[in-house]
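Work through the exercises below with the sequence and the coordinates side by side, and try each task before reading its solution.

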Amino acid sequence: LSNTKLPNNLENVNFSNCDLSNRNLSEYNLKGVNLSNSNLSNANLLHANLSNLNLTNATLPNNLENVNFSNCDLSNRNLSEYNLKGVNLSNSNLSNANLLHANLSNLNLTNA
């Protein structure tokens, strides 16, 4: 998918096992997307809507500033050293997640 032009609304698309590394997905609607086993390293997700999605074994970029992760299962994820500034984690599962040294400023943790 490295050279494929994607529409901004990708709600409920199955991107499992896809290489989305280095993609500009800034401000994309990825609500309900299946990203299991996908590579998102170095992807730009600034202001992206990633609510209600499957991130099982997905590789995420370190800069997740202002991403909407509401209603996501981030349990057992290693998010240490990640930039989570302004991230919406409302109603998300963070049990056993490693947040050591992560930037957690302006975080929404309502019911997380």
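The exercises that follow move from the whole chain to single residues.

This is a predicted model, in which local features need pLDDT of at least 70 and side-chain atom pairs count only at pLDDT 80 or more, while totals for chains, interfaces and linings use all residues. Residues are numbered from 1 along each chain as its sequence is written, and side-chain values use heavy atoms, with hydrogens and water left out.

**Exercise 1. Overall form**

Task: Determine how many helices and strands the protein has, and how its radius of gyration stands against the globule rule.

Solution: Begin with the DSSP runs, where a helix is H or I over at least four residues and a strand is E over at least two; the protein has 0 helices and 0 strands. The radius of gyration, taken over C-alpha atoms, is then set against the globule rule, 2.2 Å times the number of residues to the power 0.38. The value is 13 Å, close to the 13 Å that the rule gives for 112 residues, so the protein is as compact as a globular protein of that length. Next, the C-alpha trace spans about 35 × 20 × 20 Å along its principal axes. Finally, take buried as under 20% relative accessible area, exposed as over 50% and partly exposed as in between, with a 1.4 Å probe and protein chains only; 43% of the 112 residues count as buried.

**Exercise 2. Cysteines**

Task: Establish how many disulfides the structure contains, and where C18 and C72 stand with respect to each other.

Solution: A disulfide is a covalent bond between the sulfur atoms of two cysteines, and the search criterion is a pair of cysteine sulfur atoms within 2.5 Å. The search of the whole structure returns 0 disulfides. For C18, the nearest cysteine sulfur is that of C72, 18 Å away, and for C72 it is in turn that of C18. As to accessibility, C18 is buried with a relative accessible area of 19%, and C72 is buried with 2%.

**Exercise 3. Two buried residues and their contacts**

Task: Describe the surroundings of F69 and A58, leaving aside sequence neighbours up to four places away.

Solution: F69 counts as buried at 2% relative accessibility. Taking contact as heavy atoms within 4.5 Å, F69 touches L50, L53, L55, L64, L74, V87, N88, L89 and S92. One of these partners, L50, is 19 residues from F69 in sequence, yet their C-alpha atoms are 5.1 Å apart. Turning to A58, this residue is buried at 6% relative accessible area, and its contacts are L35, N37, S38 and R77. The C-alpha atoms of A58 and S41 are 9.1 Å apart, with their positions 17 residues apart in sequence counted as separation.

**Exercise 4. Asparagines**

Task: Examine the backbone phi of N42 and N66, and then the accessibility and contacts of N106.

Solution: Most residues other than glycine have a negative phi. N42, although not a glycine, has a positive phi of about 65°, and N66, likewise not a glycine, has a positive phi of about 60°. N42 is exposed, with a relative accessible area of 60%, whereas N66 is partly exposed, at 26%. N106 is exposed at 64%, and, apart from residues up to four places away in sequence, N106 touches K85, G86 and V87. N106 and N66 are 40 residues apart in sequence, with a C-alpha to C-alpha distance of 9.1 Å.
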